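Visitor: I am new to this structure and should be grateful for a close look at a single part of it. Please choose one stretch of the chain, set it within the whole, and explain what surrounds it.

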Amino acid sequence: MKSATLLALLAPAAMGHYFFPKTIVNGVRSNDWQYVRETANNPQSGPVEDVSSNLMRCYEKSGRPAAGVQTVAAGSRFGLTSSNSMSHPGPSLWYMARVPDGQDVNSWVPSGNVWFKVDQYGSTPAADPPFESNMSEVYTTIPSNLRPGNYLIRYEHVGLHIAGAPQFYIACAQINVTGGGSASPSSLVSFPGAYSRSDPGLTFVIYGNHNTYPYPGPSVSR
């Protein structure tokens with residue numbers, strides 16, 4: 001009886017978790033993990049909770065199978081599907097990292113200052129809590145002037161529903177950006193390292209708070 005009661009209590013929390021297995025390009029959804037590095041929260045869906053962990057890079061599953069590289073034109077819309085309704089209120093942030101020429105995309109480790117932010121959104125101050133939620137798909141736009149080449153594109157949804165205990169839902173897809181221009185953003189950060197647990201955007205109390213949300217990390221590079 002105690003076990004059944006415990007499962008009943010845990011079920012709603014587990015149902016609120018999610019991961020991001022599919023890309024969406026030109027309206028077409030990929031297969032699961034076809035281009036996304038399989039994450040360590042498949043299938044249990046839990047988040048990263050330690051901002052100092054190397055899992056903050058791509059939340060990769062140890063021994064994951066190789067993922068492919070998807071061709072995406074600069075300036076085009078890029079999306080990911082969620083495994084579950086994204087019920088936790090919090091912001092969406094997108095980063096990219098250019099894979100050095102000659103490096104294998106699938107085995108390259110994005111350590112050090114290699115990430116630049118390309119998008120951030122989700123704050124809706126008039127709502128309570130002041131974030132969009134319950135999405136099943138998330139999107140960004142690849143910068144139109146970005147230098148062509150192989151990149152990791154990293155999506156992060158930060159659950160702020162528990163005050164002082166942010167939850168990070170992370171995925172990295174492997175893409176080959178075509179077209180574009182010559183832009184190589186120079187405002188680069190590392191994961192871990194870009195965030196501190198005390199950052200205002202991670203300690204933000206969401207209930208009854210209609211103040212402007214301070215997104216964590218660097219400014220958007222475009």
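**Strand E7 and its surroundings**

Guide: The protein exposes about 9700 Å², and carbon and sulfur atoms supply 52% of that area. The model under discussion is a predicted one. Before turning to the chosen part, a strand named E7, some account of the whole will be useful.

The secondary structure of the protein consists of two helices and nine strands. Read from the N terminus, the order of the elements is α-β-β-β-β-β-β-β-β-β-α. Along the principal axes, the C-alpha atoms fill a box of roughly 55 × 40 × 35 Å. The radius of gyration of the protein is 17 Å, which agrees with the value near 17 Å that a compact globule of 222 residues would have. Of these 222 residues, 49% count as buried. Among contacts with a separation of 6 or more, 76% are made by residues 24 or more positions apart. According to the UniProt annotation, from an unreviewed entry, residues 17–212 are covered by "domain: Auxiliary Activity family 9 catalytic". This span is 2% helix and 33% strand, and its end C-alpha atoms lie 26 Å apart.

Strand E7 itself comprises residues 135–141. Three of its residues may be taken in turn: Met135, Glu137 and Thr140.

Met135 has its place in strand E7. Its relative accessible area is 12%, and Met135 is therefore buried, the limit for that term being under 20%. Apart from neighbours within four places in sequence, the contacts of Met135 are Ser82, Asn84, Ser85, Met86, Ser92 and His157. Val118 offers another reference point: 17 residues separate Met135 from Val118 along the chain, and their C-alpha atoms are 20 Å apart.

Thr140 also belongs to strand E7. With a relative accessibility of 3%, Thr140 counts as buried. Residues up to four places away in sequence being left aside, Thr140 touches Ser76, Arg77, Phe78, Trp94, Val118, Asp119, Ile153 and Arg222. One of these, Phe78, is 62 residues away along the chain, while the C-alpha atoms of Phe78 and Thr140 are separated by 5.5 Å.

Glu137 has a relative accessible area of 26% and is partly exposed. A salt bridge joins Glu137 to Arg29, with 2.2 Å between the closest N and O atoms. Arg29 lies in strand E2, residues 28–29, and Glu137 in strand E7, so this pair ties together parts of the chain that are 108 residues apart in sequence. Arg29, at 43% relative accessibility, is likewise classed as partly exposed.

This salt bridge may be set beside others. A search of the whole structure finds eight salt bridges. Asp101 takes part in one with Arg98, where the closest N and O atoms are 3.0 Å apart. Asp101 also forms a salt bridge with Arg147, at a closest N to O separation of 3.6 Å. The latter pair links distant parts of the chain, 46 residues apart: Asp101 is in the loop between strand E5 (92–98) and strand E6 (115–121), whereas Arg147 is in the loop between E7 and strand E8 (149–159). Asp101 counts as exposed at 59% relative accessibility, while Arg147, at 32%, is partly exposed. Elsewhere, Arg37, Glu60 and Arg64 are linked in a network of salt bridges.

A link of another kind completes the picture. A disulfide is a covalent bond between the sulfur atoms of two cysteines. One disulfide is found in a search of the whole structure. It joins Cys58 to Cys172, with an S to S distance of 2.1 Å. Cys58 stands in the loop between E2 and strand E3 (70–73), and Cys172 in strand E9 (residues 167–178), so that distant parts of the chain, 114 residues apart, are linked. The angle about the S-S bond is -85 degrees, and the link is left-handed. Cys58 and Cys172 are both buried.

To return to strand E7: Met135 is buried, Thr140 is buried, and Glu137 is partly exposed, with a salt bridge to Arg29.

Definitions and conventions: Residues are numbered from 1 along each chain as its sequence is written. This is a predicted model: local features need pLDDT of at least 70, side-chain atom pairs count only at pLDDT 80 or more; totals for chains, interfaces and linings use all residues. Side-chain values use heavy atoms; hydrogens and water are left out. A salt bridge is a side-chain nitrogen of Lys or Arg within 4 Å of a carboxyl oxygen of Asp or Glu. Helices (H or I, at least four residues) and strands (E, at least two) are DSSP runs, numbered from the N terminus. Buried means under 20% relative accessible area, exposed over 50%, partly exposed in between (1.4 Å probe, protein chains only). A disulfide is a pair of cysteine sulfur atoms within 2.5 Å. The radius of gyration is taken over C-alpha atoms; the globule rule is 2.2 Å times the number of residues to the power 0.38. Contact means heavy atoms within 4.5 Å. Accessible areas come from the Shrake-Rupley method with a 1.4 Å probe; for residues, only the protein chains shown count as cover. UniProt positions are given in the numbering used here, feature names are shortened, and annotations may be inferred rather than shown by experiment.
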